[in-house]
Amino acid sequence: MQYLNPELEEKEADGLPSLALAHIGDAVFELMTRTMLSSRGKETANKLHKAAVKLVAAPAQAKAAEKLAPHLTEEELGVYKRGRNAKVNSVPKAASVKEYHEATGLEALFGWLYLRGERERLEELFRMAVEED
């Protein structure tokens, strides 16, 4: 298996627990966010960190999930809902339970797409998620 560029078989990716998908999806979403912010030009590390935190926090990811929902395929929506409905043990203070669950669903979707090697779809959804209204 290639760890930086995995391409799991459909059954393998579908068989992973939702929170495992969210775990990797959290990192994928953050890496994409950091890449986007860093590529915009020279900023201090502190400014980049603050901007990234705003975009990867559960409330922002919940809004992103709402924006993406109408554009998801049936299969993608199923993965999102599985992640959203996963039992979590704690919720950060800065997010409501609903926001945290929606963010977990988004992360599960991003993890699932990443593990399946669907880079173009990840790029498409990420752009939709972060573009201004």
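Glu7 counts as exposed, at 57% relative accessibility, where exposed means over 50% relative accessible area, buried under 20% and partly exposed in between, computed with a 1.4 Å probe on protein chains only. The structure is a predicted model, in which local features need pLDDT of at least 70 and side-chain atom pairs count only at pLDDT 80 or more, while totals for chains, interfaces and linings use all residues. Residues are numbered from 1 along each chain as its sequence is written, and side-chain values use heavy atoms, with hydrogens and water left out.

Glu7 lies in the segment before helix H1 (10-14); helices here are DSSP runs of H or I with at least four residues, numbered from the N terminus. When residues up to four places away in sequence are not counted, Glu7 touches Leu115, Arg116 and Gly117, contact being defined as heavy atoms within 4.5 Å. The C-alpha atoms of Glu7 and Gln61, which are 54 residues apart along the chain, are separated by 25 Å.

The interior was examined next. The largest nonpolar core has 31 residues, of which Leu68, Leu106, Phe110, Trp112, Leu122, Leu125 and Phe126 touch the most other members; such a core is a set of buried Ala, Val, Leu, Ile, Met, Phe, Trp, Tyr and Cys residues joined through side-chain atoms within 4.5 Å. At least two residues of this core come from each of H2, H3, H4, helix H5 (74-84), helix H6 (97-115) and H7, and H6 gives the most, with eight residues.

Two aromatic pairs were counted, under the rule that rings of Phe, Tyr and Trp (its six-membered ring) pair if their centres lie within 6.5 Å, with planes under 30 degrees apart taken as stacked, over 60 as edge-to-face and the rest as tilted. Phe29 and Phe110 form an edge-to-face pair, at 5.2 Å centre to centre and with 75 degrees between the planes, and this pair links distant parts of the chain, since Phe29 is in helix H2 and Phe110 in helix H6, 81 residues apart. Phe29 is buried because its relative accessible area is 1%, and Phe110 likewise counts as buried, at 0% relative accessibility. Phe29 also forms an edge-to-face pair with Phe126, at 5.4 Å centre to centre and with 70 degrees between the planes; Phe126 is in helix H7, 97 residues from Phe29. Phe29, Phe110 and Phe126 thus form one aromatic cluster. Leaving aside neighbours within four places in sequence, Phe126 is in contact with Phe29, Met32, Thr33, Met36 and Phe110.

Pockets were then considered, a pocket being, on a 1 Å grid over the protein atoms alone, an open set of points where a 1.4 Å probe fits, with protein on both sides within 12 Å along at least five of seven lines, and lining residues having an atom within 4 Å of a point. The largest pocket has a volume of about 280 Å³, and of the 13 residues that line it, Leu55, Ala60, Lys63, Lys67 and Ala129 are the closest to its centre. Helix H3 (45-56), helix H4 (58-68) and helix H7 (119-130) each supply at least two residues of this lining, to which H4 gives the most, with five residues.

The second largest pocket has a volume of about 200 Å³, and its lining includes Leu4, Asn5, Tyr114 and Arg119. Helix H2 (18-39) and H7 are the elements that give two or more residues to this lining, and the largest share, four residues, comes from H2.

Notes. Points joined across faces, edges and corners; volume = space filled by probe spheres on them.
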